[in-house]
Amino acid sequence: MISDGSERLKLNVGGEIFETTASTIQSTCPDSLLAALSTPTSHGSNPVFIDRDPEIFSVILNLLRNGRLPANSSGVFSKQELLDEALYYGVESLLRSAMLPPPLQGFDASLVSTITPATDGVPSAFTATAGDASLWIAHGGQISVYDWSLSHAVTVRTHLSDVTSICRVWDEAAAIGSGSASGLHFYDLSSGRYVGSTHWTDPEDPRIHKARVAAIADSPGGVFASFDCLHRENSVLQIDKSTLQVAAVIGQQSGSSAKTTVPEKLRWVANNGLLIGSAVQRGVFGCSGYIRIWDPRSRTIVWETSEPGSGRSSRFGDALADVDVDVEDSTLFKVCSKSGDLGMADLRKLSEDPWVYVSDDNPGAWSADEGDRSGGYSVVHCYRKQVLAARGGALEVWSSVVEGKKTSGDLIRRRNFVDKEEDSKRGMISRVEAGGDRMFVSREYMEGVEVWESSNSSSMITVE
């Protein structure tokens, strides 16, 4: 029989008496140890004794009362201490909800921490694609796993001397590639076990030899990986997850020009069943590159463009600096290398010139002219209707807002800096990813991966 919710309950935790009500415990975690202790027992008026730390329990009790952690709890107890106690009391799901950040909004995000592996701290690749905001960092020939709370779970030593690409292909398994060794390799990171490898070979073509992996993308039907041979012959392979065998060779090309180099970025768009590959080369005369879209079912190219050389004449000389796709909206985004303007294209309405260009009067990373904000390497990443764009050491976001009344207003995009000026001086940004409600940033030759989160008080503002 469950006690009346208004009944007052006393608990003796480590010699300290705490008083609450049964409803406080039973309403939030009915299946927990504390809920079981709140039912009527033969102990009478004597408080139930729990041999645990009373100071940490005061934090747990506060969590049960209002669903939040006290503001000073993170400075007193480590994440692991809180997690251990929450697991003991059976309230880990409630603690998880309280510890995770609010919805990510790039215009209000700020740097909260930097995750640095214990050895070889400069990340060569990382992935944060899981919805739980966990992070896998490749550094040297190792992979360090950080769980949803960003607590270090395990570090796995691979057989490679360097890991330059990584993709989550199962909950606890990764597909990895190396810039110095051939093949695509699979590891179970929960056990540190090597699962197997896939190589691109062709007995009838001696050029297909020692092909290294440049990019990886996961899909329900298999893993896609772009391979590049020593003679620059390259292609995208579709690999069966169950057998790790090559299921299809897509888009083999010679690699003799900028339009046929190996795809450096692959994205799978589930809504359309399409695979998008892109590559950009940067030099003293600017950027040049291509975007290519395949239908893996027919192994054919359904659309492609290269820059310079296609698009509106007014955009000639302002080639793409990087490209990504909003998989939820089936929208392709590119950022222009000189102007910093954003180009949008609907994947369902592609044509010879499908781009709609968006500009904003707000100053962005491309218009600033001081320090690391000018020039440099460019990165684009789409996440939850936001487009994160980095140039040099600066990071900006294009956010979707409604202009006018919410019911009839038009959806527009506004550009804002994500970082502060002092943030941009830490070094050139080499990679941006988002997962869960966190954004992760790495910088050239800098140790660690930066963690960015929105504040609890942030909200999207409608522009009237």
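Which residues in H5 meet Glu 92, Leu 95 and Met 99 in H6?

I began with this pair of helices, keeping in mind that the model is predicted. From H5, I noted Lys 79, Leu 82, Leu 83, Ala 86 and Leu 87 as the residues that meet those three in H6. Sorting the residues of this contact by character, I counted 6 nonpolar and 2 charged, with no polar residue among them.

I then looked up the geometry, since two packed helices are described by the angle between their axes and the distance between the axes. Helix H5 covers residues 79-89 and helix H6 covers residues 92-99, and I found the two packing at an angle of about 150°, with their axes 8 Å apart.

Next I turned to the cysteines. I searched for disulfides and recorded 0 in the structure; a disulfide is a covalent bond between the sulfur atoms of two cysteines. I checked the exposure of two cysteines as well: Cys 167 has a relative accessible area of 10% and Cys 336 has one of 0%. I entered Cys 167 as buried because its value falls under the 20% cut-off, and Cys 336 as buried because its value does so too.

Last, I noted the totals for the chain. I listed 7 helices and 31 strands, and of the 464 residues, 50% count as buried. The accessible surface comes to about 21,300 Å², and carbon and sulfur atoms hold 49% of that surface. For contacts with a separation of 6 or more, I wrote down that 50% are between residues 24 or more positions apart.

Note on methods. Residues are numbered from 1 along each chain as its sequence is written. This is a predicted model: local features need pLDDT of at least 70, side-chain atom pairs count only at pLDDT 80 or more; totals for chains, interfaces and linings use all residues. Side-chain values use heavy atoms; hydrogens and water are left out. A disulfide is a pair of cysteine sulfur atoms within 2.5 Å. Buried means under 20% relative accessible area, exposed over 50%, partly exposed in between (1.4 Å probe, protein chains only). Helices (H or I, at least four residues) and strands (E, at least two) are DSSP runs, numbered from the N terminus. Contact means heavy atoms within 4.5 Å. Accessible areas come from the Shrake-Rupley method with a 1.4 Å probe; for residues, only the protein chains shown count as cover. Axes are lines fitted to C-alpha atoms, for helices over the stretch in contact, and angles run from 0 to 180 degrees between N-to-C directions. Ala, Val, Leu, Ile, Met, Phe, Trp, Tyr, Cys and Pro count as nonpolar, Asp, Glu, Lys and Arg as charged, and the others, Gly among them, as polar.
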